[in-house]
Amino acid sequence: MFFEGHHSALSDFCIITHDAPTVDFPLHLHQALELYLVTSGRVLAEIDGQDYILEKNQAVLVFPYQRHSYKILQRAEHLDCIFSPDFAPEFYRDKQQVCPTNNKFDFDINLIPTKDEYLLKKSFIYLMLNEFNKN
């Protein structure tokens, strides 16, 4: 297992990668929140020892310091969004002392922003967090 220290929890950042072929990613943790959304194929996400099978339109939200990994079960593509708790302070303020019992939720891939603009990223994060809360 390794720790990704380059994701600072002290700054207002959001990194979104999309449409890259998915590869296995070993067990790790970091200070940031992470949305992992499958756009095609099947992926096994392991979060704090719990397994989730993800298919198209399914996602997991990983909280800071949760151990997690991804293993490809069927050729897959995904969106990976890593963001600082400061990027969505209203959400994190209410959740920072807890971890979810179920990290998986459904999310419509048609809602993924098509441009790399700050306000689009911000609205996408809040939309995704709202969907997570509903589940």
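Helices (H or I, at least four residues) and strands (E, at least two) are taken here as DSSP runs, numbered from the N terminus. The structure is a predicted model, in which local features need pLDDT of at least 70 and side-chain atom pairs count only at pLDDT 80 or more, while totals for chains, interfaces and linings use all residues. Residues are numbered from 1 along each chain as its sequence is written, and side-chain values use heavy atoms, with hydrogens and water left out.

A convenient starting point is helix H2, in which Met 128 lies. Met 128 is buried, its relative accessible area being 0%; buried means under 20% relative accessible area, exposed over 50%, and partly exposed in between (1.4 Å probe, protein chains only). Contact is defined as heavy atoms within 4.5 Å. When residues up to four places away in sequence are not counted, Met 128 touches Leu 35, Leu 61, Phe 83, Phe 105 and Phe 107. With Phe 105, the separation is 23 residues in sequence and 9.5 Å in space, C-alpha to C-alpha.

Met 128 also belongs to a wider nonpolar assembly. A nonpolar core is a set of buried Ala, Val, Leu, Ile, Met, Phe, Trp, Tyr and Cys residues joined through side-chain atoms within 4.5 Å. The largest such core has 23 residues, and those with the most contacts inside it are Leu 61, Phe 83, Ile 125 and Met 128. At least two residues of this core are supplied by each of S4, strand S6 (58-62), strand S7 (68-83), helix H1 (89-95) and helix H2 (118-134). H2 gives the largest share, five residues. Phe 83 shows how these parts meet: leaving aside its neighbours within four places in sequence, Phe 83 is in contact with Phe 13, Cys 14, Ala 32, Leu 33, Leu 35, Leu 61, Ile 125, Met 128 and Leu 129. Apart from this core lies another, of 11 residues, among them Ala 45, Val 62, Tyr 70 and Ala 76.

Helix H2 also holds a charged residue, Lys 122. Lys 122 counts as buried because its relative accessibility is 18%. Beyond its neighbours within four places in sequence, Lys 122 is in contact with Asp 12, Asp 86 and Phe 87.

The strands provide a second theme. Strand S4 (residues 33-47) and strand S5 (residues 50-54) run antiparallel and are joined by five bridges; two strands are said to pair if DSSP finds at least two bridges between them. Ile 47 has Gln 50, in S5, as its bridge partner. The hairpin of S4 and S5 has two residues between the strands, and there Asp 48 takes a positive phi near 45°.

Asp 48 leads to the charged pairs. Side chains of opposite charge can pair when their charged atoms come close. A salt bridge is a side-chain nitrogen of Lys or Arg within 4 Å of a carboxyl oxygen of Asp or Glu, and by this rule the count comes to five salt bridges. One of them joins Glu 55 to Arg 42, with the closest N and O atoms 3.0 Å apart. This pair links distant parts of the chain, since Glu 55 is in the loop between S5 and S6 and Arg 42 is in strand S4, 13 residues apart. Glu 55 counts as partly exposed at 37% relative accessibility, and Arg 42 is partly exposed at 29%.

Another salt bridge brings together the side chains of Arg 67 and Asp 48 (3.7 Å, N to O). Arg 67 lies in the loop between S6 and S7 and Asp 48 in the loop between S4 and S5, so the pair ties together parts that are 19 residues apart in sequence. Arg 67, at 34% relative accessibility, counts as partly exposed, and Asp 48 is partly exposed at 35%. Within helix H2, Lys 134 forms a salt bridge with Glu 131, the closest N and O atoms being 2.9 Å apart. Because these two residues are three residues apart in helix H2, Lys 134 and Glu 131 are separated by about one helical turn. Lys 134 counts as exposed, at 58% relative accessibility.

The cysteines remain to be considered. A disulfide is a pair of cysteine sulfur atoms within 2.5 Å, and a search of the whole structure finds zero disulfides. For Cys 14, which is in no disulfide, the nearest cysteine sulfur is that of Cys 81, 3.7 Å away. Cys 14 is buried, with a relative accessible area of 11%. Cys 99 is likewise in no disulfide, and the nearest cysteine sulfur, that of Cys 81, is 18 Å away. Cys 99 is partly exposed, with a relative accessible area of 47%.
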